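Work through the exercises below with the sequence and the structure at hand. Each one sets a task and then solves it in steps.

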Amino acid sequence: MNRIYMDANATTRLDQAVFEAIRPWLLDNFGNASSAHHHGRQSRGAVETARGQVAALLGCGRDEVVFTSGGTEGDNLALFGLARPGDHLITTAIEHHAVLHAAERLQKLGVAVTFLPVGSDCLIDPDDLLRALRPNTRLISVMTANNETGTIQPVEAIGRIAAEADIYFHTDAVQAAGKLAIDANRIGCDLLAIAAHKMHGPQGVGALCVRRGTPLEPLFFGGGHERQRRAGTENVAGIVGLGKAAELAAAFAGAPSHPSSGLRGLSALRDRLERGILERVEDCGVNAGAAPRVPNTTNLWFDQLDGEALFIALDLKGLAVSGGSACASGAAEPSHVLTAMGLPKDRARASLRFSLAKDATVDEVETAIELVAASVGRLRKISPAFA
Ligand SMILES: Cc1ncc(COP(=O)(O)O)c(C=O)c1O
């Protein structure tokens with residue numbers, strides 16, 4: 001069976017060039033980047049090259065890049081590194097759990113937290129943010145792009161509000177890297193998290209951009225790695241992979257250092273997929289379809305259908321997508337993002353996310369349209385609700 005992968009927002013295939021870059025750092029060059037001898041200096045050089053590649057992708061200084069184990073650590077480091085009991089944190093109802101659950105934990109530790117709502121377009125209203133500001137607001141954390149709907153938040157407007165109010169601003173850009181040109185200066189953020197595996201790099205490595213002068217407390221205590229901001233021997237091979245992936249992402253998505261962009265082709269493919277499904281399938285639509293979105297993501301609802309059944313039917317036919325429910329303790333809970341947008345639970349459960357990787361093809365898109373149309377038709381025929 002020819003399998004089609006349309007779940008790039010979950011993770012992406014390692015790019016061959018990234019693999020080639022990593023290979024020697026797993027086999028031949030094994031030095032600890034903190035060692036002063038030849039082997040250590042070799043690893044240090046590789047880590048610093050990667051730091052430059054990540055800085056070029058994000059438009060920040062090399063000294064502002066802190067390597068992490070991925071998006072979750074970057075988000076946690078940002079939130080726990082800045083917020084203290086008695087502070088106020090503003091975030092949104094549609095953040096990834098890496099932010100949402102960290103914010104809930106901070107709440108238990110005495111940080112007041114405001115979760116901004118979103119409209120049916122999955123966007124926050126900057127006026128709501130202005131109204132939520134308090135004298136003790138220490139940090140604003142709003143994601144650049146949402147992992148489920150792909151919507152792009154007005155991060156530059158948020159950056160201006162934060163700067164004017166003299167409040168720190170963190171953005172989770174895990175779903176933006178490789179899909180949008182990111183420029184930390186333009187966004188005006190103090191902290192920005194990315195993960196390598198969402199942009200054809202290895203899993204388990206990422207970076208947090210920490211702008212100069214941001215008083216971040218570390219999460220880990222140990223050696224003085226990463227300028228005292230992240231103790232622990234560096235994951236040299238992973239960091240080399242992140243660096244190479246960042247270089248490729250900058251070339252594909254554009255970056256302050258690299259203005260070209262291959263994103264137009266990707267959004268044309270996404271639009272073709274969306275149009276094809278909407279034309280072939282009745283009673284379906286796009287969640288947040290009118291909002292600005294990253295070019296690879298579409299989130300579709302299918303009425304009178306069990307979304308999990310469609311997810312399984314497509315997987316059996318070789319098409320991997322993502323469901324609108326998160327299976328928590330055996331119960332399929334509808335997505336917190338879709339319910340925050342005001343979708344009824346049934347529609348949220350009957351929504352699927354299709355997220356294309358940069359190597360998606362027209363043939364794959366056409367096959368996916370056929371598979372979705374056929375599977376929805378078959379399931380609705382046997383569903384009593386649609387009889
Ligand atoms: C928006 C967003 N933030 C954070 C994360 C967590 O990243 P990681 O899996 O690298 O820990 C993800 C992963 O899906 C994500 O989509």
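**Exercise 1: Cysteines**

Cys 122 counts as buried, because its relative accessibility is 0%. The model used here is a predicted one.

Task: Find out how many disulfides the structure has, using Cys 122 and Cys 209 as test cases.

Solution. Begin with the cut-off, which is that two cysteine sulfur atoms must lie within 2.5 Å of each other to count as a disulfide. For Cys 122, the nearest cysteine sulfur belongs to Cys 284 and is 18 Å away, and Cys 122 is in no disulfide. For Cys 209, the closest cysteine sulfur is that of Cys 60, at 3.7 Å, which is too far for a bond. Cys 209 is buried as well, with a relative accessible area of 1%. Under the cut-off, the count for the structure comes to zero disulfides.

**Exercise 2: The two sides of a helix**

Task: Determine which residues of helix α6 (residues 155–165) are buried, and how they are arranged around its axis.

Solution. First list the buried residues of α6, which are Val 155, Ile 158, Gly 159, Ile 161 and Ala 162. Next look down the helix axis: these buried residues fall within an arc of 165°, so they line one face of α6. Then turn to the face pointing away from the buried side, where the exposed residues Arg 160, Ala 163 and Glu 164 are found. Now ask what covers the buried residues of α6; the elements that do so include α5 (126–132), β5 (137–141), β6 (168–172) and α7 (184–187). Finally, step just past the end of α6, where Asp 166 takes a positive phi of about 60°.

**Exercise 3: A cavity and a pocket**

Task: Describe the largest cavity and the largest pocket by their volume and by the residues that line them.

Solution. Start with the cavity: the structure holds one cavity of 30 Å³ or more, and the largest cavity contains about 130 Å³ of space. Its lining has 16 residues, with Gly 178, Lys 179, Lys 198, His 200 and Lys 358 closest to the centre. Helix α9 (residues 236–253) gives the largest share of this lining, three residues. By type, the lining of the largest cavity comprises nine nonpolar, four polar and three charged residues.

Continue with the largest pocket, which holds about 510 Å³ of space. Of its 30 lining residues, His 96, His 97, Asn 147, Glu 148 and Arg 353 lie nearest the centre. Among the elements that each supply at least two residues of this lining are α3 (71–82), α4 (97–108) and β15 (351–355). By type, the pocket lining divides into eight nonpolar, 16 polar and six charged residues.

Conventions. Residues numbered from 1 in each chain as written. Predicted model: local features only at pLDDT ≥ 70, side-chain atom pairs only at ≥ 80, totals over all residues. Heavy atoms only, no water. Buried < 20%, exposed > 50% of the residue type's maximum accessible area, 1.4 Å probe, protein only. 1 Å grid on protein atoms, 1.4 Å probe; cavity = no way out; pocket = protein on both sides within 12 Å on 5 of 7 lines; lining within 4 Å. Points joined across faces, edges and corners; volume = space filled by probe spheres on them. Helix = DSSP H or I, 4+ residues; strand = E, 2+ residues; numbered from the N terminus. Nonpolar A, V, L, I, M, F, W, Y, C, P; charged D, E, K, R; others polar. Arc of directions from axis to C-beta. Contact = heavy atoms within 4.5 Å.
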